[in-house]
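Colleague: Could you take one buried spot in this model, look at it closely, and then work outwards until its surroundings are clear? I would like the cut-offs stated as you go.

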Amino acid sequence: MEIQKEIEPELYEAIKIHYEAGLYSNAILDAIKELTELIREKAKLDGDGANLVGQAFGGTSPPIKISPMQKASEVDEQRGFEQLLRGLYIGIRNPRTHEIYTDKKDSCDAIVLFVNYLISIIRSTHSFFVLDGLQILQ
């Protein structure tokens, strides 16, 4: 697989140096840093990791909404996306930050593709609000 052809150019630029050097664990961290910056920018927050995710995607009126959150399935989608992101930070980023990891290319590719997917979802979000029962996309 040629990862460069599979992911957004901005993400490839973020991981390029470490990825091309075969430093796959570092490339994974670079991808997650790119994701973090996008979340901070989109939510207008300064946090980090799982706490940032909770602030950006959690609660009844989060700054970043994956859906209008009007139906139960939309609320579930929001919660599920928040949990996926929390898992990424807790289960993938944190161990590589605190321990010595030597990821293989295949693992790196899979994780970077997943991060790319998350980034594409976040970039496609809009602000939703309801005014007198009328859902409005902002």
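Modeller: Let me begin with V112, which, leaving aside its neighbours within four places in sequence, is in contact with I3, I7, L11, I15 and A31, where contact means heavy atoms within 4.5 Å. The model is a predicted one, in which local features need pLDDT of at least 70 and side-chain atom pairs count only at pLDDT 80 or more, while totals for chains, interfaces and linings use all residues. Residues are numbered from 1 along each chain as its sequence is written, and side-chain values use heavy atoms, with hydrogens and water left out.

V112 lies in helix 6; helices (H or I, at least four residues) and strands (E, at least two) are taken as DSSP runs and numbered from the N terminus. Its relative accessibility is 1%, and V112 therefore counts as buried, the classes being buried under 20% relative accessible area, exposed over 50% and partly exposed in between, with a 1.4 Å probe and protein chains only. The C-alpha atom of V112 is separated by 9.4 Å from that of D30, although the two positions lie 82 residues apart along the chain as a sequence separation.

A residue three places further on, V115, has a comparable list to examine: apart from neighbours within four places in sequence, V115 is in contact with L11, A31, I32, L35 and L88. An α-helix has 3.6 residues a turn, so residues three or four places apart point the same way. L11 and A31 appear among the contacts of V112 and also among those of V115.

V115 belongs to the wider picture as well, since the largest nonpolar core has 32 residues, and those with the most contacts inside it are I15, L35, I39, F57, L85, V115 and I122. Such a core is a set of buried Ala, Val, Leu, Ile, Met, Phe, Trp, Tyr and Cys residues joined through side-chain atoms within 4.5 Å. At least two residues of this core come from each of helix 2 (9–20), helix 3 (24–43), helix 4 (49–57), helix 5 (72–98) and helix 6 (105–123), and helix 3 gives the most, with nine residues.

Helix 3 has 20 residues and reaches 29 Å from its first C-alpha to its last, close to the 28 Å expected at 1.5 Å a residue, where the expected span is 1.5 Å times one less than the number of residues. Helix 3 is followed by K44, whose phi is positive, near 60°, although K44 is not a glycine. Most residues other than glycine have a negative phi, and most peptide bonds are trans. K44 sits in the loop between helix 3 and helix 4 and, at 71% relative accessibility, counts as exposed. D48 is found in that loop too, partly exposed with a relative accessible area of 39%, and D48 touches T36, R40 and R93, not counting residues up to four places away in sequence.

Helix 4 comes next, and seven of its nine residues are buried, so helix 4 is largely enclosed by the rest of the structure. The buried ones are G49, A50, L52, V53, G54, A56 and F57, and they pack against helix 3, helix 5 and helix 6. Just after helix 4, G59 takes a positive phi of about 85°. In the loop between helix 4 and helix 5 lies M69, a residue other than glycine with a positive phi near 60°, which at 13% relative accessibility counts as buried.

Past helix 6, T125 is placed in the loop between helix 6 and strand 1 (128–131). T125 is buried, with a relative accessible area of 10%, and, leaving aside its neighbours within four places in sequence, T125 is in contact with K42, I64, K65 and I66.

For the chain as a whole, the secondary structure comes to six helices and two strands, running α-α-α-α-α-α-β-β from the N terminus on. Buried residues make up 41% of the 138 residues, and among contacts between residues at least 6 apart in sequence, 60% join residues at least 24 apart. The C-alpha trace spans about 55 × 30 × 25 Å along its principal axes.
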